[in-house]
Amino acid sequence: MAKAPSIEKLLQSGSAEWNRMRKSGQVSTDHTGATFTQLFSANTDLSGLGLIGSEWERCDLSKVNFRDADLSNAYFHGGRLQDCDFRGANLEGATFEKLKLLRCDFTGAKGLDDVEMDDVDMDRVVGLDGEEAPPPPPPPAQGITAFTREQREKALGAQAAAVMQGEPSGGEELPPFRPQDPPGSLFFRGLKRMAMPPLWVLDVPGLRPLLPQRLPPGSSLETLYREAVKTRLENKKPAADPAVVERAQKALRMGAKDSAVAAMYLREVGVLPMARFSAAQVLKGALREEVEVDDLTGQIDPRTTGALLELRLTHEVVDHLQEARRRLAATQLYTSLLEAGFNPENNWDEALESSDAAMELAQAATGEDRNALFEGFQVFSALPEESRLRRLAYLAESVSHLELVSRLPEGMEPAWLNGPETRECHDREMTYVQALKAQDIPTKVAALAKAELGVPEGEVPEDSDDDLFVHVRCDVCGKEKLIVQSPDA
């Protein structure tokens, strides 16, 4: 029969698994002489266990339940115990040495007279020496529990060496776990760690990124768009090049692959696009392709979503907002975990459970599917650092665009039945005026309906209860059209 794993091994695998096995009675209650080294553990239920003579070397314990446990002759050395519950525990002969106790409760613990405290930093500890409980403490500060064993060992080792040499024990500043920070803050901190900002940061001007010093020469619409963005972010006004404007207008009119950067270039230089619907198919297709990729943190190009917003192409686009939000939540969570030094093999799930903000992001990303969250973290952490940062920035910018698209009035872009040629006049698309139901025709466009569709003035078009009538006008000559959109087409 296989030997049951030790408590040391089980706790290294995470508190969730331990608590599950404990609840189902799959683990022993006697763990006399257990030894824990550099253990990070949060929300672990150790209540009522026999932990006589156990050793806890440089452990970081948060919200661990030692209630009614037998900790006689236990030895805690180094590390930190935060919000731990020792109520009713047997602490006879126990030693706490060179560590920090923060908001721990020893009310009703046995053997307190025989407990040895040596160089212990205590903050809002309850139950020692019979003192009364202080007022409720403020919310615990984020950060100190969120580090890898390797980082803690390095930092604590540096502090110990400094103390032995009589120097201040400032040590190395440990990175905090801050999933509550907005994506823009995570992006900015990540960008500061890079030697120089990459060119793609100019695709996310809404995040106000650090700017590249210079751009490589080029005449592509992408390069010219990024130059215009850089100019604007430097508080200068981008100049419109007539030849480039014509190229961009043509790209929109032809529905070319670079329609997205064409629309964004025109926006940056303040030129109204003369074509709106011609580019709809390629833009929506590009967005759909990215959304359909089976990747929890797959990026969505903000130039595509920005072009859809600029051209007011709302139809079907808002359907992708929820998926974009889901990906952003996962990417934000993973970025904050990696920033704090966690990885898929190192206590990330316990850090997750120690933060309400992290739990909210996890819920938004995968719901209750913790396995999908873990697999997504494995994929994301394996990417190069710049790729991870780009995904975060692109998703944050795209979500802001899609949220603005979702707020546009209904009818901005009906599901068009006819091709672009039916909406063109003077080599440009006619401007959208309004979308009408059949009952609106007699009061709003009676004369136009008679001229375009032969509907007698004052009458409602027959058998058109579900049809949509799209009213467009040429900005050059003023010519108007009324196009029928049928749901059955």
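1. Arg 58 lies in strand E3, which covers residues 55-62. The model is a predicted one. Arg 58 is partly exposed, with a relative accessible area of 24%. Buried would need a value under 20%, and exposed a value over 50%, so Arg 58 falls in between. Look next at Gly 79. Arg 58 and Gly 79 are 21 residues apart in sequence. In space their C-alpha atoms are 4.1 Å apart.

2. Next, the loop that follows E3. Asp 68 is found in the loop between E3 and strand E4, the latter spanning 75-82. The backbone deserves a look here. Asp 68 has a positive phi of about 60°, although Asp 68 is not a glycine. Its relative accessibility is 49%, so Asp 68 counts as partly exposed. The cut-off for exposed is over 50%.

3. Gln 38 also has a positive phi, of about 55°, and is not a glycine. Gln 38 sits in the loop between strand E1 (35-37) and strand E2 (40-42). Is Gln 38 buried or exposed? Gln 38 is buried, because its relative accessible area is 12% and the limit for buried is under 20%.

4. Now the confidence. The mean pLDDT of the chain is 85. Of its residues, 87% reach 70 or more. Two stretches call for care. Over residues 132-149 the pLDDT is below 50. That stretch still has 44 contacts in the model, beyond near neighbours in sequence. Over residues 168-172 the pLDDT is also below 50. There the model has eight contacts beyond near neighbours in sequence. Where pLDDT is low, predicted coordinates should not be read in detail.

5. Leu 352 is found in helix H11, residues 348-353. Its relative accessibility is 0%, so Leu 352 counts as buried. What does Leu 352 touch, leaving out residues up to four places away in sequence? The list is Phe 177, Leu 333, Ala 358, Met 359, Ala 362, Arg 370 and Leu 373. Pro 179 is 173 residues from Leu 352 in sequence. The C-alpha atoms of Leu 352 and Pro 179 are 9.1 Å apart.

6. Some of those partners recur between two helices. H12 holds residues 356-366, and H13 holds residues 370-381. Their axes come within 9 Å and cross at roughly 95°. H12 and H13 are therefore roughly perpendicular to each other. From H12, the contact involves Met 359, Ala 362, Ala 365 and Thr 366. From H13, it involves Arg 370, Ala 372 and Leu 373. By type, these contact residues divide into five nonpolar, one polar and one charged. Leu 352 of H11 touches several of them, including Met 359, Ala 362, Arg 370 and Leu 373.

7. Last, a histidine. His 471 is placed in strand E10, residues 468-473. His 471 is buried, since its relative accessible area is 4% and the limit is under 20%. Which side chain makes a polar contact with the side chain of His 471? The partner is Glu 480, at 3.2 Å. Glu 480 also appears among the residues that His 471 touches, as do Lys 481 and Leu 482. Others on that list are Thr 431, Tyr 432, Val 433, Gln 434, Val 445 and Leu 448. Residues up to four places away in sequence are not counted there.

Terms used. Residues are numbered from 1 along each chain as its sequence is written. This is a predicted model: local features need pLDDT of at least 70, side-chain atom pairs count only at pLDDT 80 or more; totals for chains, interfaces and linings use all residues. Side-chain values use heavy atoms; hydrogens and water are left out. Helices (H or I, at least four residues) and strands (E, at least two) are DSSP runs, numbered from the N terminus. Buried means under 20% relative accessible area, exposed over 50%, partly exposed in between (1.4 Å probe, protein chains only). A polar contact is a pair of N or O atoms within 3.5 Å; within protein, one must be able to donate a hydrogen and the other to accept it, and residues adjacent in sequence count only if both atoms are side-chain atoms. Contact means heavy atoms within 4.5 Å. Axes are lines fitted to C-alpha atoms, for helices over the stretch in contact, and angles run from 0 to 180 degrees between N-to-C directions. Angles under 35 degrees count as roughly parallel, over 145 as roughly antiparallel, 65 to 115 as roughly perpendicular and the rest as oblique. Ala, Val, Leu, Ile, Met, Phe, Trp, Tyr, Cys and Pro count as nonpolar, Asp, Glu, Lys and Arg as charged, and the others, Gly among them, as polar. pLDDT is the predictor's confidence in each residue, from 0 to 100.
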